[in-house]
Amino acid sequence: MGRRRRGVMSEQFKDELAKDLGFYGTVEREGWGSIRAKDAGNMVKRAIQLAEQQLANRTPRR
């Protein structure tokens, strides 16, 4: 039996990424399982870019 993974990204964040990348309509109509592997990869890349930007903009604590 396969193990069920707990999602790292919130549903809201995934929805926002899908909207930004232009495939949210597919998600709405057919669900997350219907997106292309390329779209999933682009979503992960974008999430990493946003996280890196957020880290770069943080002020170091003293």
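The legends below describe close-up views of a predicted model.

**View 1. Length of helix 3, residues 37-56.**
Helix 3 has 20 residues. At 1.5 Å a residue these should span 28 Å, and the end C-alpha atoms lie 29 Å apart, which agrees.

**View 2. The two sides of helix 3.**
Asp-39, Met-43 and Ala-47 are the residues to find on the buried side of helix 3. Seen down the helix axis, the buried residues fall within an arc of 80 degrees, so they line one face of helix 3. An α-helix has 3.6 residues a turn, so residues three or four places apart point the same way. The face turned away from the buried side carries exposed residues: Ala-37, Lys-38, Lys-45, Glu-52, Leu-55 and Ala-56. The buried residues of helix 3 pack against helix 1, residues 11-21.

**View 3. The two sides of helix 1.**
In helix 1, the buried residues are Lys-14, Leu-17 and Ala-18. Down the axis of helix 1 they fall within an arc of 100 degrees, so they too line one face. The cover over these buried residues includes helix 2 and helix 3. Gln-12, Lys-19 and Asp-20 are exposed on the face of helix 1 turned away from the buried side. After helix 1 comes Gly-22, with a positive phi near 90 degrees.

**View 4. Surroundings of Lys-14 in helix 1.**
Lys-14 has a relative accessibility of 17%, and it counts as buried because the cut-off is under 20%. Apart from residues up to four places away in sequence, Lys-14 touches Met-9, Trp-32 and Met-43. Of these, Met-43 is a buried residue of helix 3.

**View 5. The largest nonpolar core.**
Eight residues make up this core: Leu-17, Ala-18, Phe-23, Tyr-24, Val-27, Ile-35, Met-43 and Ala-47. Helix 1, helix 2 (residues 24-30) and helix 3 each give two or more residues to the core. In soluble globular proteins, nonpolar side chains tend to be buried together.

**View 6. Contacts of Ala-47.**
Ala-47 is buried in helix 3 and belongs to the largest nonpolar core. With neighbours within four places in sequence left aside, Ala-47 is in contact with Met-9, Phe-13 and Leu-17. Leu-17 is also a member of the core and is among the buried residues of helix 1. Met-9 is also touched by Lys-14.

Key
Residues are numbered from 1 along each chain as its sequence is written. This is a predicted model: local features need pLDDT of at least 70, side-chain atom pairs count only at pLDDT 80 or more; totals for chains, interfaces and linings use all residues. Side-chain values use heavy atoms; hydrogens and water are left out. Helices (H or I, at least four residues) and strands (E, at least two) are DSSP runs, numbered from the N terminus. The expected span of a helix is 1.5 Å times one less than its number of residues. Buried means under 20% relative accessible area, exposed over 50%, partly exposed in between (1.4 Å probe, protein chains only). The arc is that of the directions from the helix axis to the C-beta atoms. Contact means heavy atoms within 4.5 Å. A nonpolar core is a set of buried Ala, Val, Leu, Ile, Met, Phe, Trp, Tyr and Cys residues joined through side-chain atoms within 4.5 Å.
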